[in-house]
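I sat down with this one today and kept short notes as I went. Have the viewer open beside you and follow along.

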Amino acid sequence: MDHRSSRRPWLAPLSLCAVVALSACGSDSSDGSVTPQDAPTAESPATDLSIEVTDGRTTTWQLTCDPAGGDHPDAEAACAALESNGDKAVPTTPTDSVCTQIFGGEQTAVVTGTWQGKAVNATFSRQDGCEISRWDALTPLLPKIAEPSAQ
């Protein structure tokens, strides 16, 4: 049997498909080089958050820091609040904490994205004293809630 006649004619098109598939993994730039889609750039901010606040209606803002930007109504102050109080306010309240049973309102917020280069998925409410403190520590990242007036 002649081994030359048993060549695999399908091998060349398969090799071509593999090359085409691999080249589709990145994006072409104007100079012809290919860069991966998920590669972080030097210009990427270490803080890039989505803030969703529900207080009878839902509002969503984007926030970046260093430099402050996005569509948050006060991006610079929000970044300053994260800088000064984020370490204590972003993490959830420890389960063994004793919290006053003061109800601060129905408002909730969800903050997702990256902060200081780390993934964030934090929820906020005003269900007790500990949660009210977390919320207030991040004002104006989260909106200031007016205290009910005594009548």
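I began at P67, which sits in the loop between strand 4 and strand 5. This is a predicted model, so I read each value below as a computed one. The peptide bond from D66 to P67 is cis, and I read its omega as near 10°.

I stayed in that loop for the residue before the bond. D66 lies in the loop between strand 4 and strand 5 as well. Its phi is near 60°, a positive value in a residue that is not glycine. Is D66 buried or exposed? I looked it up: D66 has a relative accessible area of 68%, and because the cut-off for exposed is over 50%, D66 counts as exposed.

Next I looked up a second cis bond. It joins T139 and P140, with omega about 20°. I found P140 in the segment after helix 3.

Then I went to Q116, another entry on backbone angles. Q116 is not a glycine, yet its phi is positive, at about 55°. I located Q116 in the loop between strand 6 and strand 7. Its relative accessibility is 38%, so I noted Q116 as partly exposed.

With the loops written up, I turned to the sheet. In which order do the five strands of the open sheet lie? I traced 5-4-3-6-7, with antiparallel pairing. The edges are strand 5 (69–70) and strand 7 (118–126), each of which pairs on one side only.

I then followed one pair in detail. Strand 3 (residues 47–54) and strand 4 (residues 58–65) run antiparallel, and I noted eight bridges joining them. For a marker in this pair I picked V53, which stands opposite T59 in strand 4.

My last entries are on the helices. Which strands does helix 2 lie across? I listed strand 3, strand 4, strand 5, strand 6 (105–115) and strand 7 for this helix, which spans residues 75–89. Helix 2 runs at about 85° to strand 4. Helix 3 (residues 129–137) also packs on the sheet, and I noted that it touches strand 3, strand 6 and strand 7. The direction of helix 3 makes about 120° with that of strand 7.

For a quick return visit, I would reopen the view at the two cis bonds, D66 to P67 and T139 to P140. After those, I would go back to the positive phi values at D66 and Q116.

Technical notes
Residues are numbered from 1 along each chain as its sequence is written. This is a predicted model: local features need pLDDT of at least 70, side-chain atom pairs count only at pLDDT 80 or more; totals for chains, interfaces and linings use all residues. Side-chain values use heavy atoms; hydrogens and water are left out. Two strands pair if DSSP finds at least two bridges between them. Helices (H or I, at least four residues) and strands (E, at least two) are DSSP runs, numbered from the N terminus. Contact means heavy atoms within 4.5 Å. Axes are lines fitted to C-alpha atoms, for helices over the stretch in contact, and angles run from 0 to 180 degrees between N-to-C directions. Buried means under 20% relative accessible area, exposed over 50%, partly exposed in between (1.4 Å probe, protein chains only).
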